[in-house]
Amino acid sequence: MKFSVIKYRSLWWSISAAIILAGIVSMAISWSRPDIRAPLRPSLDFIGGTRLQFELDCTKPENCKPIDLAAVREVLDTQGLAGSSLQVIGKEQRGLSLRTKTLDVEQRTELQTGLSEKLGAFDPKSTQIDTVGPTLGKQLFTSGLLALLLSFAGITVYLTFRFQLDYAFFAFVALFHDILITLGIFSILGLVLGLEVDSLFVVALLTIIGFSVNDTVVIYDRVREVIKLNPTESIDRIVDDAVMQTLGRSINTTLTTLLTLFSIFLFGGETLKYFALALIIGFIAGAYSSIFIASTLLAWWRSRTGHSIPLPAEGINPSEEV
């Protein structure tokens, strides 16, 4: 028996709505937290500041023990850094990652000394300090946001000319769906695991947009072809046929891409690990939205309105419904 995406469209929409709603709630919580003040936990690339990473020196007697976060907060409060973000790292919980406002050399030394007195001596070989100015952070954020908006606008214009306005609109909805799911999951990971987003995350979002729209265009092309071949068929049947004809291609393309991304995630190191994770989430969401969201929304709209705009493309009679 042939599988019907239209028959279960309420299920597909409910799954997407639940994931997106959870992400929106997480972003709201993240925004309200004084140590984040953003929908996602931003890295120093965007907000500027100082990040310090320490690890206890286990070569010293009675120095190798799990870090006490309460003691860390006490030191931060004493030095006027109460709003800083802190995270214990490592399986043995002997490492500490701090993100604070921009500190000068004297302030960093004072902070490190205060922490050492409370927690124990740190291994100098494992100490890392990064500083990014707020001007660079603001520039990166503005450039990334502008790139995303221009991508959305360009894709909408392209799809309007390539297909029709309703095709373009629901392709845009599918793109927005993929971005929201990726943002929401990373917001949740930011709250639960302290995961930060950096400039590579913006690159990942732009890549997700390109991948998702490519899959949607393939399905919409097939919908248009099936309409030409079977102009008297219902739009639900047409969309089901078009999805089934492209389903194998969509799944195979996504799976082969995910194999590479999982390899990068597992073996690519810390720099590329979460970049690959963002792509994995976005590509899965993109394949899902192209098959189950963009196509079913188009069928629902045309069934509901009975509306059809002639497509001004070569070889197609303007009187045909597409």
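## A residue in helix H7

Thr-216 is part of helix H7, which spans residues 199-229; helices are DSSP runs of H or I with at least four residues, strands are runs of E with at least two, and both are numbered from the N terminus. The model is predicted, so local features need pLDDT of at least 70 and side-chain atom pairs count only at pLDDT 80 or more, while totals for chains, interfaces and linings use all residues. Residues are numbered from 1 along each chain as its sequence is written, and side-chain values use heavy atoms, with hydrogens and water left out.

Thr-216 has a relative accessible area of 3% and is therefore buried (under 20% relative accessible area, 1.4 Å probe, protein chains only). Not counting residues up to four places away in sequence, Thr-216 touches Ala-171, Ser-290 and Ala-294 (heavy atoms within 4.5 Å). A polar atom of the Thr-216 side chain lies 3.1 Å from the backbone oxygen of Ser-212.

## The open sheet

Four strands, in the order E2-E3-E1-E4, make an open sheet with antiparallel pairing (at least two DSSP bridges between two strands). The edges are strand E2 (85-89) and strand E4 (128-132); each has a single partner strand, so one side of each is left without a neighbour in the sheet. From one strand to the next, the twist averages 10 degrees (axes are lines fitted to C-alpha atoms, for helices over the stretch in contact; angles run from 0 to 180 degrees between N-to-C directions).

E2 and strand E3 (residues 95-100) run antiparallel and are joined by five bridges. Gln-87 has Ser-97 in E3 as its bridge partner.

## A helix across the sheet

Helix H4 (residues 105-119) lies across strand E1 (49-55), E3 and E4. Its direction is at about 30 degrees to E1.

Key. Buried means under 20% relative accessible area, exposed over 50%, partly exposed in between (1.4 Å probe, protein chains only). A polar contact is a pair of N or O atoms within 3.5 Å; within protein, one must be able to donate a hydrogen and the other to accept it, and residues adjacent in sequence count only if both atoms are side-chain atoms.
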